[in-house]
Structure formats: structure tokens, C-alpha cells
Amino acid sequence: MADSENQKFCLQEVLESFKSCLSPEKEIYIEHYVSGWRGLVKLLNSLGSLFGFISKDAVSKTQILMNFLKSENGPHYATVQSMVKFELDNELVDVDKKGIYPESGCRTLLRLHRALRWLQLFLERLRTSKEDDKTSVMCRDAYNESLAQHHPWLIRKSAGVAFYSLPVRLAFFEVMNVGTPEQVVDVLGKAVPLLCEVYQITEELYQKHNLHDLP
């Protein structure tokens, strides 16, 4: 897994992973969700060590989900929907306070879910940006609109510093590894709606079961 995380980011690969993520019934396959996140981790790693505070947490969370998927209860973790049902039915989630299940699948996914919203908002801003728009401002605004509300002051401060280290727009497009700026915008136009759909399905599921405030 470490080797795959150190490989170059490719936006097309992330697109394919999240495209495979949804079943015809709009259930979210955890294996493909994790695969998509491994691609996003490559993006975070390509932006420099200052983004390590988010990248390392994402790696840890995806590994926890894969461990569940490979366990004897693995079939219950095939999709996000089946995982939520299994853990709630068997009281494997610390709903009100931290207890004996600090690394439940539901809690683990919630952390990735919040970070996915930030990246989705950032990539959408990048897609619609103009040549002289600053990636640091786009990333900061997306963060403040999403992930910042779940982070303590020290992490928010570190994030603010990290955003100023981001490359300019054209250099960022090169990181995507899909071709010309026009091609990047085209692939982003396909990838961002998929990220949004996966996020929204998860969001509604967590709202339905009151899982947004898991400790």
C-alpha cells in the first residue's frame, strides 16, 4: 500500500474508482471508495509535506475500513449501507460518547466523508477557475466551508500555512496528469459530480441515522 501512495497522482484513476463506487441501486462499495481515497492521498502527498496531517489520517482510516472488509464480518462491510446497518443493529457504534468502539466503521468513514467534501469543493473551484485565480484561496475557502469546523485551532492554523504553499493553477493542473488544461477541466467536470454524488448519498444516510456527531 505504501508504494501505491507514493506513485504519481492521476485524476483519471480517481474518476474510475469513484465511478465503480456506486452500484445500480446507488449503494457505495467500500472497496472502491477506499481505492478512490488512495488516489486522493496521492494528490495530497504531491502537494508537499505540509498536507501530511490530512494525508496520514486518510491512510489510517482507509486501512481500518479495509481491515473490516477482510475480517470475518467482511460481507457486512461490502457497502456503506450494509456497514451502517450491521454496526447499528449490533450496537458496534459509540453514538453518544467515546467507549469501546473508537474505530467503528461508521466513525472511521465519517472522518473520510468530511475530508471528501473539502476536496470536492476545492476541485470544483479549480474546475471553474480562471487563469489568474489563486489555488491557495480556492483551497482555503473550500476548507473553511467544510473540514475546518471539525478541526481544533492548531490544525486549522497548520492548514492555513499549507494552503499558501500550493502551486499556481497551471502547475496544479500538471499534477493531475491527464494532459492539457482543457483536458484537466474536462475530466474534473466528470469527476467532481461523482464525488458529489457519493458524498450526498453518504450524507443522507448519516442524517437518517443521526451519525454526524459520532465522538
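# Notebook: a predicted all-helix model

I began with burial: of the 215 residues of the protein, 47% count as buried. I note at the outset that this is a predicted model.

**Entry 1. Overall build**

I looked up the secondary structure and found ten helices and zero strands. Read from the N terminus on, the elements run α-α-α-α-α-α-α-α-α-α. The radius of gyration is 17 Å, close to the 17 Å given by the globule rule for 215 residues, so the protein is as compact as a globular protein of that length. I then took the extent of the C-alpha trace, which spans about 50 × 40 × 35 Å along its principal axes.

For the surface, I recorded that the protein exposes about 10900 Å². Carbon and sulfur atoms supply 50% of that area. I also looked up how contacts are spread along the chain. Among contacts with a separation of 6 or more, 70% join residues 24 or more positions apart.

**Entry 2. The core**

Which residues have the most contacts inside the largest nonpolar core? I found that this core has 70 residues, and that Phe18, Tyr33, Trp37, Met83, Leu116, Trp118 and Met176 have the most contacts inside it.

I followed Leu116 further. Leaving aside neighbours within four places in sequence, Leu116 is in contact with Phe18, Tyr33, Trp37, Leu40, Leu195, Val198 and Tyr199. Phe18, Tyr33 and Trp37 are thus contacts of Leu116 and are also listed with the most contacts inside the core.

Val198 was my next stop. I located Val198 in helix H10, and its relative accessibility of 0% makes it buried. With neighbours within four places again left aside, Val198 is in contact with Phe18, Cys21, Leu22, Ile28, Tyr33 and Leu116. Phe18 and Tyr33 therefore appear in the contact list of Val198 as well as in that of Leu116, under a contact cut-off of 4.5 Å between heavy atoms. I also noted a pair brought together across the sequence: Val198 and Lys26 are 172 residues apart in sequence, and their C-alpha atoms are 8.6 Å apart in space.

**Entry 3. Helix H8**

I examined helix H8, residues 153–163, and found its buried residues to be Ala159, Ala162 and Phe163. They cover an arc of only 95° around the axis, which puts them on the same side of H8. On the other side of H8, I found Trp153, Leu154 and Lys157 exposed. I then asked what covers the buried residues of H8. The cover includes helix H4 (52–70), helix H6 (105–127) and helix H7 (135–145).

**Entry 4. Helix H7**

I turned to H7, where Thr135, Ser136, Met138, Cys139, Ala142 and Tyr143 are buried. Seen down the axis of H7, these residues fall within an arc of 165°, so they line one face of the helix. The buried residues of H7 pack against H6, H8 and H9.

I looked at Ser136 on its own. Ser136 lies in helix H7 and counts as buried at 13% relative accessibility. Not counting residues up to four places away in sequence, Ser136 touches Phe163, Tyr164 and Leu166. Phe163 is one of the buried residues of H8.

**Entry 5. Cysteines**

How many disulfides does the model have? I recorded zero disulfides, where a disulfide would need a pair of cysteine sulfur atoms within 2.5 Å. I checked two cysteines in turn. The sulfur of Cys106 is 16 Å from the closest cysteine sulfur, in Cys21, and so too far for a bond. The sulfur of Cys139 is 18 Å from its closest cysteine sulfur, in Cys196, again too far for a bond. Cys106 is buried, with a relative accessible area of 0%, and Cys139 is buried at 1% relative accessibility.

**Entry 6. Positive phi values**

Finally, I looked up backbone angles. Asn177 has a phi near 55°, a positive value in a residue other than glycine. I placed Asn177 in the loop between helix H9 (169–175) and helix H10 (181–208), and its relative accessible area of 36% makes it partly exposed.

Asn210 also has a phi near 55°, again a positive value in a residue other than glycine. I found Asn210 in the segment after H10. Is Asn210 buried or exposed? With a relative accessible area of 62%, Asn210 is exposed.

Terms used: Residues numbered from 1 in each chain as written. Predicted model: local features only at pLDDT ≥ 70, side-chain atom pairs only at ≥ 80, totals over all residues. Heavy atoms only, no water. Buried < 20%, exposed > 50% of the residue type's maximum accessible area, 1.4 Å probe, protein only. Helix = DSSP H or I, 4+ residues; strand = E, 2+ residues; numbered from the N terminus. Arc of directions from axis to C-beta. Core = buried A, V, L, I, M, F, W, Y, C linked by side-chain atoms within 4.5 Å. Rg over C-alpha atoms; globule rule 2.2 N^0.38 Å. Areas by Shrake-Rupley, 256 points an atom, 1.4 Å probe, with all protein chains shown as cover.
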